[in-house]
Amino acid sequence: MNEADAAPLSETELKQIDAYWRAANFLTVGQIYLLDNPLLREPLRLEHVKPRLLGHWGTSPGLSFIYAHLNRVIRHQKTNMIYICGPGHGGPAMVANAYLEGTYSELNPDVPLDEAGLRTLFRQFSFPGGIPSHVAPEVPGSIHEGGELGYALSHAYGAAFDNPGLVVACVIGDGEAETGPLATAWHSNKFLNPIHDGAVLPILHLNGYKIANPTILARIPHAELRALLVGYGYDPLFVEGEEPAAMHQRMATVLDQAMRKIHAIQDAARSGHGGTRPAWPVIVLRSPKGWTGPKEVDGLKTEGFWRSHQVPLSGLADNPEHLKMLEDWLLSYRPQELFDDTGRPKEELRDTTPTGPLRMSANPHANGGLLRKPLELPDLSKHAIEVPHPGAAKAEATRVMGGYLRAVMQTNLAAQNFRIVGPDETASNRLQDVFEVTERAWMEEILPEDVHLGRDGKVLEILSEHTCQGWLEGYLLTGRHGLFSCYEAFIHIVDSMFNQHAKWLDASSHIPWRQPIASLNYLLTSHVWQQDHNGFSHQDPGFVDVALNKKADIVRVYFPPDANSLLCVTEHVLQTWDRINIIVAGKAPSWQWMSMEDARLHCDAGIGIWDWACRHNRPEPDVVMACAGDVPALETLAAVTILREHLPDLAVRVVNVVDLMALQPEEVHPHGLSGEAFDALFTTNRPVIFAYHGYPWTIHRLTYRRTNHHNMHVRGYNEEGTTTTPFDMTVLNGLDRFHLVIGVLERLTGLGDAGDRLRALMEAKLAEHHDYIRAHGQDMPEIRDWRWTANGSG
Ligand SMILES: Cc1ncc(C[n+]2csc(CCOP(=O)(O)OP(=O)(O)O)c2C)c(N)n1
Ligand SMILES: [Mg+2]
């Protein structure tokens, strides 16, 4: 017999699996529509129906069909499996399955497995005070909200990395498959090692439609679709049709086949017969959108068409016929056969689900904090740069960080729970020391001349920031740790993914059973002020501004000004949880300001006066020079030396900010300074010239409630960029030492001739700089050779 005609389900099993599917569909429709009368024990009346009908039916029956069949596999094979639901708008389906598995009631005792529980389950969905319509963190078993489409497959692979016993089933909407992030994530198979990673089983859900259009993959010829998936390196298996009994048999057959292939691949690789990348199976499920729902509504095709995407029947108050159709639809699932007299799902249904943690809704991998072990962190001091006094040494900050990350990687290699991701930039960002202990993962051919590619590499590099972000999120959400290193300008590519992850963390923090996960850590380097090879396109420090829109509890932004402070910040972020930490640091050789001891104290405080850089640091200085960022710190210190030389009596205070959040009021951010502490640093009435790494307005946004805000003059990136010398970049944006000095002079009165002379000198210097770089193609010697000298008469 042809495998396509096989019937692996016995008559009883077929009945049971179909009953389970009907129950899940009934619960889905119930959630979308019903306020009361959950088991339709009385004729359906308008008052039983929600006044606002919200939710998505179209994707749901397919999602539950897949769920029911994965359950069969899990029960038979005791598979450790989680379910990533790409079309996360099918929230009611995923809630229905978690309810049928019993998990929902275990975690939410107010929604028990009886008629009252059903009423609550239905009522709460998309209802004020209830649960959201998507597969939000509230849904047990999910690590993926799916509201913003495109990230299912990268999340799935992230979950599978270093999880050899896990199978990640990943449902991909055919509309979702049109997104850029999803399209590129197919290539994740080139990074998955069948020996030490788990398996991803993509299930492409070809229900044919999006919100109001057909989908590309459902309309291209079958042969093209097959060729596409083969071209991505997969082994496609098709399940196509709509007659439930035949579809159950076909799906069971194909899933068994897929699982056999997965086991064969893993067994071969794990017994030493692996080698190159295998062709992992992918299932293509072609079934009607809104399957089992109303076929036609008001004479228009609905089942098997995009009209079933959200709520196929609406306007029930004005249309008694629709109310009757809803009742018929609900009754078509024969609820009396599915629930007992108390409203509890019948035992036969429970028999089709796995038990305990094997239930996908209860799998600990989908509540990764349960599995999270802290990273073991090596001794930081071994990596410190010797800085006997400020400006005594030069170093590339991120290279020093790379040395520490090498040690972190090595220390945690056995635990297999630390990954570094990045779009092709680990070495460019000077983190290459990690390659002394691990490679870049690569499952394709490796040529003799290739450098640091390996089957077991823990560094993941693909030129897709989306995929990097998705992998790391999936990895963290399943209980592990990691770092994303990226060019500062291009991290914007994942702005929206960042948003979604921040929302996930925020929502999770209100759910008692969700355990904290390791923070998502970004290193943003090759930043706006240090673009040697590149220009304007590579100059954009605005990611921080996107990040600041998120809740204070979630986001931290650090601007370590030198290598030792970068080390301290790195060590800190690797120990935090449920946050998104952004570290901005340069990779160019730069002057070092703090010993490890000083860096620790400074970073612990997050902000502070650099006593060594101040001139006459009286309680009331004449001017405060503040800085955040490595290049702004350098220019500020250079400006201080100019002021010191030309206006020796001027009292100048230097404040450095590492932790940007310290600028916010303490009521707004947990790291925020109190009003008194802020005023003690920035005074209540003296001019503050603030040199900031990013867009100046950010500092205003953070400090507008502070007493001395009206005296703050912020210099930063004003969107003036090009390919030019490093110093010229600061000049173009008014962040350079000469402009900073002019800024001071503009705000101080009574400096007399000395002030006028200095201003003229600064303008002359700017003109000289302008001409010099055009003549010589590099910065003036006094800029290149500048170094900090100790403060003579401080
Ligand atoms: C990135 C993104 N763009 C647009 C939307 C709006 N949207 C919600 S559902 C949907 C159609 C999804 O179609 P498909 O992936 O095929 O899911 P299904 O048919 O299973 O509902 C769209 C465009 C979205 N959620 N995310
Ligand atoms: Mg679709």
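## Close-up views of a predicted model

**View 1. Residue N363 in its loop.** N363 is placed in the loop between α13 (347–351) and β8 (393–396), in a model that is predicted. This loop residue counts as buried, because the relative accessibility of N363 is 2%. As a reference distance for this view, the C-alpha atoms of N363 and M443 are separated by 29 Å, while the two residues are 80 residues apart along the chain.

**View 2. The magnesium ion (ligand 2) and its donor residues.** Three residues coordinate the magnesium ion (ligand 2), namely D174 through OD, N207 through OD1 and Y209 through O, at 2.1 to 2.2 Å. Along the sequence these donor residues follow the spacing D-x32-N-x1-Y. The pair D174 and Y209 links distant parts of the chain, since D174 sits in the loop between β2 (167–173) and α7 (180–185), whereas Y209 sits in the loop between β3 (199–206) and α8 (216–219), 35 residues away. D174 is buried, with a relative accessible area of 2%, and Y209 also counts as buried, at 12% relative accessibility.

**View 3. The surroundings of ligand 1.** There are 16 residues around ligand 1, of which T59, H89, D174, G175 and K289 come nearest; D174 is also one of the residues that coordinate the magnesium ion (ligand 2). Sorted by class, the shell around ligand 1 consists of 4 nonpolar, 7 polar and 5 charged residues.

**View 4. Backbone contacts of ligand 1.** A polar backbone atom of G147 lies 2.7 Å from a nitrogen atom of ligand 1, and a polar backbone atom of L149 lies 3.1 Å from a nitrogen atom of ligand 1. An oxygen atom of ligand 1 is, in turn, 2.7 Å from a backbone N or O atom of E176. Taken alone, ligand 1 exposes 590 Å², and the protein buries 75% of that area.

**View 5. Helix α24 and its N-terminal cap.** Helix α24, which spans residues 737–747, is mostly covered, with 8 of its 11 residues buried. The buried residues in α24 are R737, F738, L740, V741, I742, G743, V744 and L745. An α-helix has 3.6 residues a turn, so residues three or four places apart point the same way. At the N-terminal end of α24, D736 acts as a cap, with a side-chain oxygen of D736 placed 3.0 Å from the backbone nitrogen of F738.

**View 6. The cysteines C85 and C170.** The structure holds 0 disulfides. C85 takes part in no disulfide, and the nearest cysteine sulfur to that of C85 belongs to C170, 9.2 Å away. Seen from C170, the closest cysteine sulfur is the one in C85, and the separation of 9.2 Å is too far for a bond, because a disulfide requires the cysteine sulfur atoms to lie within 2.5 Å. Both cysteines of this view are away from the surface in terms of accessibility: C85 is buried, with a relative accessible area of 2%, and C170 is buried, with a relative accessible area of 0%.

**View 7. Positive phi values at N37 and R430.** N37 is a residue other than glycine with a positive phi, near 60 degrees, and it is found in the loop between α1 (11–33) and α2 (60–77). The relative accessibility of N37 is 5%, so this residue counts as buried. R430, likewise a residue other than glycine, has a positive phi near 70 degrees and is found in the loop between β9 (418–422) and β10 (440–441). With a relative accessible area of 24%, R430 is partly exposed.

**View 8. Residue D532 and its distance to N367.** D532 is found in the loop between β14 (520–525) and α17 (543–547). At 55% relative accessibility, this loop residue D532 counts as exposed. Measuring from C-alpha to C-alpha, D532 and N367 are 44 Å apart in space, and in sequence they are 165 residues apart.

**View 9. Residue V654 in strand β20.** V654 has its place in strand β20, which comprises residues 652–657. This strand residue is buried, and the relative accessible area of V654 is 0%. A separation of 65 Å lies between the C-alpha atoms of V654 and R286, which are 368 residues apart along the chain.

Technical notes:
Residues are numbered from 1 along each chain as its sequence is written. Chains are lettered from A and ligands numbered from 1 in the order in which they are written. Side-chain values use heavy atoms; hydrogens and water are left out. Donors are N, O and S atoms within 2.8 Å of the metal (3.2 Å for Na, K and Ca); water is not among the atoms, so sites may look incomplete. Helices (H or I, at least four residues) and strands (E, at least two) are DSSP runs, numbered from the N terminus. Buried means under 20% relative accessible area, exposed over 50%, partly exposed in between (1.4 Å probe, protein chains only). A residue is near a molecule or strand if one of its heavy atoms lies within 4 Å of it. A polar contact is a pair of N or O atoms within 3.5 Å; within protein, one must be able to donate a hydrogen and the other to accept it, and residues adjacent in sequence count only if both atoms are side-chain atoms. Accessible areas come from the Shrake-Rupley method with a 1.4 Å probe; for residues, only the protein chains shown count as cover. Ala, Val, Leu, Ile, Met, Phe, Trp, Tyr, Cys and Pro count as nonpolar, Asp, Glu, Lys and Arg as charged, and the others, Gly among them, as polar.
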